[in-house]
Amino acid sequence: STGMTTLDPGFGNTASCSSKITYIDGAAGILRYRGYPIQDLAVGSTFLEVAYLVIYGELPEPGQLKEFSDKLRENADIPAEMGAFLDAMPRNGHPMALLASAANTLSAYYADSVDPSDEAQVELATIRLMAKLPTIAARIYRNSVGAEPIGPDDSLGYVENFIRMTFGDDAAAGELGDLFGKAVDLLLILHADHELNCSTATVRTVGSSQADIFASVAAGINALSGPSHGGANQAVLEMLDEIRESGVTVAEFLERVKAREVRLMGFGHRVYKNFDPRSKEIKVLATQILDRHDDPDELFALALELEAAALADSYFTERKLYPNVDFYTGVIYRAMGFPTNMFTVLFAIGRLPGWVAHYREQLHDPAFRIARPRQHYIGSAERRYPGQG
Ligand code: SDX
């Protein structure tokens with residue numbers, strides 16, 4: 001496209017805007033980041049390289065990737081007082097609520113990087129957000145399980161550091177071995193951006209008022225937390241657990257879905273009306289993980305049975321309901337030892353490059369203006385206050 005114009009100025013840059021970041025074809029099940037098919041990136045790239053591509057628009061040269069990686073490593077730690085702030089938060093609070101609060105509070109600790117009109121400050125804040133969100137997420141998890149926090153180790157890569165800060169040294173040494181880190185890296189790649197989804201539209205909306213990037217991303221984290229959006233990966237596991245514990249058959253459960261008593265979480269999508277290409281990649285990964293890791297609750301087998309039964313039922317195919325990105329991720333996260341309430345935090349860490357890229361792109365859009373959706377008024381016609389008319 002030749003520059004960026006807002007397709008529908010009435011809505012500002014959120015309900016329908018031009019962007020160069022991600023292309024989705026919902027009917028054909030196509031997803032590309034900056035033109036590169038998700039399948040290519042899933043096989044050949046790393047999350048850090050994909051994050052660079054999504055944020056800066058091009059695949060990095062080796063020197064650029066090293067510089068990016070070094071900057072993130074140098075900025076991975078958080079101020080001691082921020083650590084104390086995190087430790088003082090309610091330990092049984094949902095990690096997404098705590099993560100959003102922490103992301104928002106970064107502007108209090110790093111006031112030197114919040115001015116959206118200053119490119120250098122936006123770049124510095126980008127590095128700080130990318131570098132510190134995994135550190136914050138890991139500390140929130142360690143607090144929730146009563147474990148001592150583990151700070152970043154500057155000898156480790158981005159994903160390995162996050163895993164070690166979360167689980168300590170024994171995670172990767174577990175039965176999944178090197179597959180553990182590769183699986184997290186791939187899952188983060190598959191979540192890196194997704195055009196104008198609910199949370200990214202939220203980041204654009206908040207950023208369109210000239211709010212800083214920390215405030216905008218915090219708003220995105222909150223939008224992502226809902227079970228209709230990123231919170232679905234947690235809701236899928238809760239659904240599978242509930243089916244298993246209640247002893248209902250898959251057929252009986254799907255009857256409840258068709259009676260609209262419950263939704264089949266992890267199914268359906270506003271854009272993908274054929275299949276979600278990410279779900280295909282994740283299903284393959286789940287097979288690899290669960291070949292190595294026993295699945296005592298047999299949740300993967302239950303998920304496969306649920307998918308097969310739904311796709312054989314016209315109620316779902318007529319409504320173009322297929323597994324989305326959230327249907328199989330939870331089975332993998334649980335096998336890795338993440339608690340259910342951390343699943344959406346993993347989604348947020350993956351989606352961060354996308355949020356940052358959209359916030360930055362909007363700042364450079366010549367048609368940039370504040371988001372201001374209009375409504376269709378259906379309330380009372382004018383009526384006068386007693387004694388005034
Ligand atoms: C993500 O936008 C993105 O790109 C999001 C995302 C990303 O990467 O950012 O891909 C991540 O959020 C994936 C979606 C995760 N959410 C879930 O898995 C929750 C369950 N799914 C739904 O609630 C629903 O499918 C949505 C929210 C995802 C999409 O909602 P839509 O497009 O508004 O669908 P709809 O409500 O218009 O439904 C159309 C029909 C309706 O039936 P009728 O009233 O026409 O008879 O399909 C039915 C719905 O009742 N339906 C479902 C269903 N989803 C839709 N029925 C049962 N189970 C479901 N999951």
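Is Thr200 buried or exposed in this predicted model? Thr200 is buried, because its relative accessible area is 0%, under the 20% cut-off.

**View 1. Surroundings of Thr200 in helix 9.** Helix 9 spans residues 198-207 and contains Thr200. Beyond residues up to four places away in sequence, Thr200 touches Asp193, Glu195, Arg351, Trp355 and His358. The side chains of Thr200 and Asn197 are joined by a polar contact of 2.9 Å. Ala102 lies 98 residues from Thr200 along the chain, and the C-alpha atoms of the two are separated by 18 Å.

**View 2. The annotated residues His269 and Asp326.** An unreviewed UniProt entry gives the annotation "active site" to His269 and Asp326. The two span 58 residues in sequence, yet their C-alpha atoms are no more than 10.4 Å apart, so they gather at one spot. Both His269 and Asp326 are included in the lining of the largest pocket.

**View 3. Surroundings of His269.** His269 sits in the loop between helix 12 (250-258) and helix 13 (277-292). Its relative accessibility is 21%, so His269 counts as partly exposed. Outside its neighbours within four places in sequence, His269 is in contact with His194, Asp276, Arg278 and Asn324. The His269 side chain also reaches the backbone nitrogen of Val271, at 2.9 Å.

**View 4. Surroundings of Asp326.** The loop between helix 15 (314-318) and helix 16 (329-336) holds Asp326. Asp326 counts as buried because its relative accessibility is 5%. Setting aside residues up to four places away in sequence, Asp326 touches His229, Gly230, Ala232, Asn233, Val236, Gly266 and Phe347.

Conventions:
Residues are numbered from 1 along each chain as its sequence is written. This is a predicted model: local features need pLDDT of at least 70, side-chain atom pairs count only at pLDDT 80 or more; totals for chains, interfaces and linings use all residues. Side-chain values use heavy atoms; hydrogens and water are left out. Helices (H or I, at least four residues) and strands (E, at least two) are DSSP runs, numbered from the N terminus. Buried means under 20% relative accessible area, exposed over 50%, partly exposed in between (1.4 Å probe, protein chains only). Contact means heavy atoms within 4.5 Å. A polar contact is a pair of N or O atoms within 3.5 Å; within protein, one must be able to donate a hydrogen and the other to accept it, and residues adjacent in sequence count only if both atoms are side-chain atoms. UniProt positions are given in the numbering used here, feature names are shortened, and annotations may be inferred rather than shown by experiment. On a 1 Å grid over the protein atoms alone, a cavity is a set of points where a 1.4 Å probe fits but cannot get out, and a pocket is an open set with protein on both sides within 12 Å along at least five of seven lines; lining residues have an atom within 4 Å of a point.
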